[in-house]
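Q: Could you take a close look at a single part of this structure and walk me through it?

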Amino acid sequence: MILDLERFTAAERPHWSALEKTLEWLAADPGRTLSVADLERFHTLYQRASADLARVSGFASEGELKNYLEWLVARAYAEIHEARDRRRFRPWRSVTIDFPRAFRRHVRAFQLAVALTIIGAAFGSLALRIDADAKSVLMPFEGLQRETPAQRVAREQQLKGKQLAGMKGRFSAELMTHNTQVALFTLALGMTFGIGTIAILFYNGVVIGAVAYDYVHGGQLVFLLGWLLPHGVIEIPAILIGGQTGFVIAHALVGWGSRISRADRLRAILPDVVALAAGLAVMLVWAGLVEAFLSQYHEPVIPYSLKIAFGLVEAVLLTLFLTRAGREKSA
Amino acid sequence: MIARDTLRIRTPEGIEFALPLAGPFSRMLALAIDLAVIAMLDSVLRTILGPLGVFGADLPDALHIALYFALTLVYGAAAEWFWRGQTVGKRLLGLRVVDSRGLRLEAAQVIVRNLLRLVDALPALYLLGGIGCVFTRYHQRLGDLAAGTIVVRTPRVSPPDLDRLLGGKYNSLAESRHLAARLRQKVPPELAGLALEALLRRDRLNPTARLEVFSELAGHFRSLVPYPPELAEQLGDEQYVRDVIAVVYRSFSG
């Protein structure tokens with residue numbers, strides 16, 4: 001049997017056009033939703049187009065019409081069968097509420113990131129203690145290699161913060177972008193089943209441990225704390241959160257003991273991954289500003305005690321934020 | 001057999017539809033266009049920030065570094081969110097990111113698939129992502145696998161225009177009602193569908209292939225229902241096929 005294609009198309013075209021118009025209206029703004037009455041009509045049109053597709057598929061006149069109806073039904077299906085939360089993406093809410101909540105939900109992954117960094121730091125300090133010549137490998141920063149900690153402290157105290165005169169903004173922007181890249185990279189490497197994330201966290205730990213050992217061994221503990229704490233108490237946790245997010249992804253990939261499919265596990269963690277990424281990006285913007293505009297000033301311009309106190313206050317506030325913000329009020 | 005270049009989705013209503021998957025090369029071209037767009041936006045950014053140099057070189061430099069970074073990070077996700085799965089490159093090449101279950105694309109999905117470009121780009125020139133596109137069942141790079149997305153082709157589609165195709169011209173084959181009825185009876189649906197497809201795609205065939213296809217189809221139709229010479233002899237092969245299809249698909253009740 002052959003479908004009277006012309007008659008069929010003529011009869012159904014107004015319904016297809018109406019469905020197409022509604023789909024275009026919805027597509028114009030991702031946040032748009034239909035009223036109940038419009039939704040009922042939309043559903044009827046979708047069912048009609050589906051029935052038309054089934055009819056066309058069973059007849060000879062496949063091809064262009066079938067492609068058109070498949071395209072129409074596919075788009076309508078996405079709107080009709082979507083059962084997930086359709087709230088708009090709100091960046092402010094994501095950072096202030098969703099981020100600390102996601103952090104607490106996956107706190108074990110954060111603890112693992114901290115543990116790996118501590119192991120790396122222990123390795124880095126031990127390696128430098130055993131082999132002082134390994135400094136160039138363990139601390140791949142030219143600025144930290146060309147002089148001893150004592151020489152650097154003396155030079156920078158003499159310069160009174162003028163070493164960055166006329167380039168603080170640029171320096172700050174470079175720090176923000178570089179650190180954000182590192183943190184997001186640590187996050188993204190979760191897709192290597194966490195192997196890449198482990199490597200980066202361990203390596204970061206090695207560098208931190210080597211630098212800390214170098215300065216403590218050189219008798220510059222107070223300078224080290226005054227230099228690192230103001231930005232480090234935000235920057236280092238941000239990179240650890242990148243690692244935490246990487247482990248969340250890796251855990252969803254591996255899915256030990258889970259009966260849900262891998263695709264479902266990954267789908268379930270997407271909102272948390274976004275919230276954690278948004279949170280760490282904001283933290284690194286702040287850390288970049290502090291590092292360029294505060295951390296590089298030393299005594300006599302700013303007393304070390306003040307810089308250390310500033311860092312400790314930040315640490316307390318960050319801890320409070322991550323552990324308390326966005327908590328559901330208990331009844 | 002399951003076609004490797006389509007994703008078939010069966011709806012709860014029992015209807016099945018197919019999403020044609022985009023291949024790695026079209027996606028690579030779309031990416032190249034997007035990189036060119038980012039480079040263009042960067043030059044616009046430089047022009048806008050230029051006058052800020054009166055306050056010293058530091059301010060425009062800092063803003064440029066931060067904004068360019070934000071641009072590279074946000075461009076893909078923002079475009080795919082606001083244009084329903086399309087960037088400039090994807091739009092030009094008729095590609096679209098969609099949910100791998102055919103559902104509505106979520107903001108979290110576009111953000112994650114774009115964040116994971118950092119791994120897909122490893123070790124250089126999107127090698128890891130490219131390997132994923134070639135070897136995974138639905139041509140997904142790592143970002144797509146994590147976000148539950150696929151990239152599909154969205155060719156321009158519209159309902160077939162039979163008026164344009166068959167025209168309102170005089171059809172000598174419809175003159176003889178009993179032969180037209182026999183034609184409707186004898187032509188199998190598969191052959192009718194094939195001939196309709198050939199007419200719809202005639203402009204895409206090269207002249208030699210077009211002549212061969214219509215000659216073969218017309219020969220077949222002529223053998224199924226022989227028409228008297230006075231009704232059919234003036235018709236070329238393509239017109240003969242066109243008239244047969246008009247008879248088969250139209251009721252000619254008037």
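A: Here is a walk along one helix of chain B, followed by a wider view.

This is a predicted model, where local features need pLDDT of at least 70, side-chain atom pairs count only at pLDDT 80 or more, and totals for chains, interfaces and linings use all residues. Residues are numbered from 1 along each chain as its sequence is written, with chains lettered from A and ligands numbered from 1 in the order in which they are written.

Let's start at B:P24, which sits in helix 1 (residues 24-49) of chain B; helices here are DSSP runs of H or I with at least four residues, strands are E runs of at least two, and both are numbered from the N terminus. B:P24 is partly exposed, with 18 other C-beta atoms within 10 Å (20 or more would be buried, 12 or fewer exposed, in between partly exposed, with C-beta atoms placed from the backbone). Leaving out residues up to four places away in sequence, B:P24 touches B:G130, B:C133, B:V134 and B:H139, a contact being two C-beta atoms, placed from the backbone, within 7 Å. B:N114 is 90 residues from B:P24 in sequence, and their C-alpha atoms are 17 Å apart.

Now for the helix's partner. Helix 1 of chain B packs against helix 2 (residues 58-82) of chain B at about 155°, with the axes 10 Å apart; axes are lines fitted to C-alpha atoms over the stretch in contact, and angles run from 0 to 180 degrees between N-to-C directions. The two are therefore roughly antiparallel (over 145 degrees; under 35 is roughly parallel, 65 to 115 roughly perpendicular, the rest oblique). On the helix 1 side, the contact includes B:D34, B:I38 and B:L41, and on the helix 2 side B:L63, B:L67 and B:Y75 are among the residues. By class, this contact has 10 nonpolar, 3 polar and 3 charged residues, where Ala, Val, Leu, Ile, Met, Phe, Trp, Tyr, Cys and Pro are nonpolar, Asp, Glu, Lys and Arg charged, and the others, Gly among them, polar.

Stepping back, an automatic or database assignment splits chain B into domain 1 (6-153) and domain 2 (162-249). Their C-alpha centres lie 46 Å apart.

As for the neighbouring chain, the contact between the two takes 60 residues from chain A and 52 residues from chain B. Helix 9 of chain A gives the largest share of the chain A side, 12 residues. That side has 35 nonpolar, 11 polar and 14 charged residues.
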